[in-house]
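Here are some notes on the model, set out as numbered points for your own check against the coordinates.

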Amino acid sequence: MYWQTGLIKSLLDPTNLIITTDVAVVIADKYPKARHHYLVLPKEDIASIFQLSKKHLPLLEELHLLARNIIEIRGESYESFQIGFHAQPSMQRLHLHVISKDFVSSCLKTKKHWNSFNTSLFITYETLYAQLSNEGHIQRLPKDIVDELLAKPLTCNQCAFVAKNMPLLKEHLQEH
Ligand code: AMP
Ligand code: ZN
């Protein structure tokens, strides 16, 4: 579907590229789900995590280096970010999310948004790297597991608060 190639289109506009190296770029997420939200993408046309093999481990290290760079350039602390991949990505071209843990953003609207970053639907860089090293590929989660994770209660990522709905969670996140 055409919307799945939106990231690739964004890459073609040089004004979107915050950092560029020989092998990868950093862009701002167009619909940021937190105060800071960046995407690190390889220049090589790799569709998603499911196309990765062990030969890509050095590329992943480069993506992670750029994730650290953008956090430093913005003057933020590494600990205030989470860095990883969606277990069920929607957009084409492999992309590493670099997102601040505040999750304060007008673009954060749905339970799906929240749970895709705050359950095991979010695979941290370290976890994915270890999986690829050990198994040689990344496996898709079965649909029933994805549905179960998407339906999880709206638990705050910074305390034990469980919100009844997204407006209440967003109000709560503002107070942290
Ligand atoms: P994922 O669910 O991992 O595939 O995430 C795709 C991400 O790309 C989401 O965080 C979107 O907000 C973001 N996004 C969608 N379209 C664009 C675009 N044209 N340029 C930059 N980011 C985009
Ligand atoms: Zn909280």
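1. His172 counts as buried, since its relative accessibility is 13% and the cut-off for that class is under 20%; the model is a predicted one, and these values should be read accordingly. Cys159, by contrast, is partly exposed, with a relative accessible area of 32%.

2. Both residues belong to the site of the zinc ion (ligand 2), whose protein donors are Cys156 through SG, Cys159 through SG, His172 through NE2 and His176 through NE2, at 2.0 to 2.3 Å from the ion. Along the chain, these donors follow the spacing C-x2-C-x12-H-x3-H. Cys159 sits in the loop between β7 (154–155) and β8 (162–163), whereas His172 sits in helix α6 (residues 166–175), so this pair ties together parts that are 13 residues apart in sequence.

3. The arrangement around the zinc ion (ligand 2) is tetrahedral because the angles subtended by its 4 donor atoms run from 101 to 122°, and the criterion requires all angles to lie between 85 and 135 degrees. For reference, the ideal angle for four tetrahedral donors is 109.5 degrees.

4. A separate point concerns the packing of helix α2 (residues 57–73) and helix α4 (residues 125–135), whose axes come within 11 Å and cross at roughly 170°. That crossing makes α2 roughly antiparallel to α4, the cut-off for this description being over 145 degrees.

5. On the α2 side of this contact are Leu57, Leu60, Glu61 and His64, which meet Tyr125, Glu126, Leu128, Tyr129, Leu132 and Ser133 of α4. Sorted by class, the contact between α2 and α4 comprises 6 nonpolar, 2 polar and 2 charged residues.

Technical notes
Residues numbered from 1 in each chain as written. Chains lettered and ligands numbered in written order. Predicted model: local features only at pLDDT ≥ 70, side-chain atom pairs only at ≥ 80, totals over all residues. Heavy atoms only, no water. Donors = N, O, S within 2.8 Å, 3.2 Å for Na, K, Ca; no water. Tetrahedral: all angles 85-135°; square planar, octahedral: opposite > 155°, others 65-115°. Helix = DSSP H or I, 4+ residues; strand = E, 2+ residues; numbered from the N terminus. Buried < 20%, exposed > 50% of the residue type's maximum accessible area, 1.4 Å probe, protein only. Axes fitted to C-alpha atoms, helices over the stretch in contact; angles between N-to-C directions. Parallel < 35°, antiparallel > 145°, perpendicular 65-115°, else oblique. Contact = heavy atoms within 4.5 Å. Nonpolar A, V, L, I, M, F, W, Y, C, P; charged D, E, K, R; others polar.
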